[in-house]
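This briefing goes through one structure, chain by chain. Please have the view open while reading.

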Amino acid sequence: MRQRSLVILTSVLTTGALTLTACGSRDDSGDSKSSKKTEIIIGVDAPLTGQNSATGLGIQGGVQIAVDDANKNNTVPGVTFKVEAHDDKAIPAQGQSNATGLVQNEKVLGVVGPLNSGVATQMQQVFATANLVEISPSNTAPELTQGKNWQTSKSRPFKTYFRTATTDALQGGFAADYAYNTLKKRKVFVVDDKQTYGAGLAKLFKAGFTKAGGKVAGEDHVNTGDTDFSALVTKIKNSKADLVYYGGQYDESEKLTKQLKDGGAKIPLFGGDGMFTPTYIETAGKTSEGDLVTSVGQPVDSLPSAADFIKKYKASGLKGDYGTYGGYSYDAATAIIKAIGNVVKDGKIPTDARAKIVAEVQKTKFDGIAGPVSFDEYGDTTNKQLTVYQVVDGKWKAVKSGTFNG
Amino acid sequence: MNTLPQQLANGLFLGSMYGLIAIGYTMVYGIVQLINFAHGEIFMTGGFGALTVYLYVLPNGTSMWIALPAMLIGGGLVSVLIAVGAERFAYRPLRGAPRLAPLITAIGLSLALQQAVFNWYPDAKTDINFPQIDGGPWHLGSISISSGSLFVIIAAPICMAALALFVSLSRTGRAMQATAQDPDTAQLMGIDTNRIIVIAFAIGGFFAAVAAVAYGLRYGSVKYDMGFQMGLKAFTAAVLGGIGNIYGAMIGGLVLGLAETMATSYIDGIPGMQQLGGGGWASVWAFVLLILVLLFRPQGLVGERVADRA
């Protein structure tokens, strides 16, 4: 009896453990037939499962198409590029462990990702120590490029870190400006999810909105993973706010907006690019109508330069939402590939290739599919375009594009 | 505007859901002294069972009046099968083994179920939309009730009343009480205790499925990991009310739901407590309440003989 139970116990535990590990690894099977060429890996780190994965898969897809294009056009002679995608599950510690793995693989000469600013903070140091270039298509926390005291004295903490997304400092202010001057909202209730991205965005929106003359009717915080917001909704209703600003991701905000409208509060929810995904509308359904977000850059769908990319993405059957960051991921990967092209000649990788590639990326200047790509002295994109989107008839519709300089 | 009635109602809706899940913890504990940590996942699979009926069994665009009962049956069936299967294959072989063994099995089973849904259910890697009842919010004085909340507020009392009647009036119910009191003597009296245990798991599973449908209707979506947090809260509710006591589970659920809602809405209004209030702290206060109850009334609010058996 004892032994039998032991067998069952072990087998159940092993099954559990096996299923766990099975979802952690991604298939990295590629064809190894092209033997003559040097293989170089472009790493990807993004949430591919769980929270935020719809957006994360779009990053993987964007990079995949860039790499396919580079291989097809033989952009770097003598080199075959390969994508190696790591799943960080939107967990900072997982991102750090992925970064360590990527750094140790000598074939990895550049990384695109991560999606979340909170994850990025744990990865920057690892890449910097190894001189490996990292370009995020989506991180928006200002301190990633401009240091902790970015509001008073900017200083770049890591020279290997770049991004193709503009910062929250601009996004929060852009949203506040739109809410006050275009929507004519005067009383806002601010909610955030206490994460680096969400709390930062909410703070900047609040600052911009009160500076413009608006009033903050109330504030509250939620936890990531929360589902019941009924008590919060009652608080919001009672505050008589005419707008809710939410700093955080779609996972919570889609439930918040549904419960807000089900609770009888007919006011729009305004958020950042973390909410800007079709999943938000699918889950919140009709209750999302009229909700707003800001996002970096211009809508990729509206750019003629991205038409080819969108066609390829749709034809490839890739999962995820290219709309938010797919285009920026394509550009980030392209910047890395171009830099590699300047360093690697005839398939020969020089000894200090990684450091040289970082220097090349810093000098990058080209027209990407989502706009001009180049980086300032902090590693921030020089493309400061932002767009406000609104849910109209169950779809995100761009309502205003522009630049914002605080 | 006075928000208290609305907040009380919010707490009641949330608490009813906790209570429904807590029944499963409390009944199983009452009879076999096992904390079935996989119960949160049994709740989750109930939600996916109901969703499967809607997406893959019923024709597109079926009215919710027909779909809802079918979904309850489908979800209930899945949850009951998994609960009974877990009992038969994971817990029964370990009956009589040291306490720790079935506990670890329960945790393993919980992970296995979660990962099975995650890996094999189509599109289950993120939220999946759950069908919604149209209409609402309805107003009752200053309280507004959404269609999803309406379901739980009707379903929970019906389930509870049915269970209370079953346990106190039917032969099987009385046999359950006897088994809970002393399984060995009950067996000597001619009660098939294995059958009673299976029934306890089945009832717990069905109630969890009802709660899962309520969850889907209320929040609009289900997710592979929704069982973890809800399961933990429901377990807390069961302990709060007095684990082993089915009325205690319901009362514990309601108290917990109300505590969370009140904490969200009022604690940050108390001077000096601004930092410790709001939605982000709701769970903290719920667990503080649990600790206080356990310190001063270890048998739980309603009470059940725990000390002499544990």
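The points below cover chain A, two of its residues, and then chain B.

The model is predicted. Chain A has 406 residues, and chain B has 310 residues. Chain A is built with 13 helices and 14 strands, while chain B has 11 helices and four strands.

**Chain A: overall form**

- The C-alpha atoms of chain A fill a box of roughly 70 × 70 × 40 Å along the principal axes.
- A compact globule with 406 residues would have a radius of gyration near 22 Å, and chain A agrees with this because its own value is 22 Å.
- Of the 406 residues in chain A, 60% count as buried.
- In chain A, among contacts with a separation of 6 or more, 73% are between residues 24 or more positions apart.

**Chain A: surface and charge**

- Chain A has an accessible surface of about 16000 Å², and carbon and sulfur atoms account for 52% of that surface.
- Chain A carries 47 positive and 42 negative charges, and the mean positions of the two sets are 2 Å apart.

**A:Thr55**

- A:Thr55 sits in helix α2 of chain A, which covers residues 53–73.
- Is A:Thr55 buried or exposed? A:Thr55 has a relative accessible area of 6%, and because buried means under 20%, it counts as buried.
- Apart from neighbours within four places in sequence, A:Thr55 is in contact with A:Leu115, A:Tyr250, A:Thr277, A:Thr324 and A:Tyr325.

**A:Trp396**

- A:Trp396 lies in strand β14 of chain A, and this strand is made of residues 395–403.
- The relative accessible area of A:Trp396 is 18%, so this residue is also under the 20% cut-off and counts as buried.
- With neighbours within four places in sequence left aside, the contacts of A:Trp396 include A:Met275, A:Phe276, A:Thr277, A:Pro278, A:Tyr280 and A:Ile281.
- Other contacts of A:Trp396 include A:Asp291, A:Leu292 and A:Val293, as well as A:Tyr389, A:Gln390 and A:Val391.
- A:Thr277 appears in the contact list of A:Thr55 and in that of A:Trp396.
- From C-alpha to C-alpha, A:Trp396 and A:Lys312 are 21 Å apart in space, and they are 84 residues apart in sequence.

**Chain B: overall form**

- Along its principal axes, the C-alpha trace of chain B spans about 60 × 55 × 40 Å.
- For 310 residues, a compact globule would have a radius of gyration near 19 Å; chain B has 19 Å, so the two agree.
- Buried residues make up 57% of the 310 residues of chain B.
- Of the contacts in chain B with a separation of 6 or more, 75% involve residues 24 or more positions apart.

**Chain B: surface and charge**

- Chain B exposes about 12700 Å², with 69% of this area supplied by carbon and sulfur atoms.
- There are 14 positive and 13 negative charges in chain B, and their mean positions are 8 Å apart.

**Chain B: annotated segments**

- An unreviewed UniProt entry gives the annotation "transmembrane region" to residues 12–35, 42–58, 64–85, 97–118, 138–167, 196–217, 237–259 and 279–296 of chain B.
- How much of residues 12–35 of chain B is helix? Helix makes up 88% of this stretch and strand 0%, and its end C-alpha atoms are 25 Å apart.
- Residues 196–217 of chain B are 100% helix and 0% strand, with the end C-alpha atoms 32 Å apart.

Terms used. Residues numbered from 1 in each chain as written. Chains lettered and ligands numbered in written order. Predicted model: local features only at pLDDT ≥ 70, side-chain atom pairs only at ≥ 80, totals over all residues. Heavy atoms only, no water. Helix = DSSP H or I, 4+ residues; strand = E, 2+ residues; numbered from the N terminus. Rg over C-alpha atoms; globule rule 2.2 N^0.38 Å. Buried < 20%, exposed > 50% of the residue type's maximum accessible area, 1.4 Å probe, protein only. Contact = heavy atoms within 4.5 Å. Areas by Shrake-Rupley, 256 points an atom, 1.4 Å probe, with all protein chains shown as cover. Lys, Arg positive; Asp, Glu negative; His and termini not counted. Charge placed at Lys NZ, Arg CZ, Asp CG, Glu CD. UniProt positions renumbered as here; feature names shortened; annotations may be inferred.
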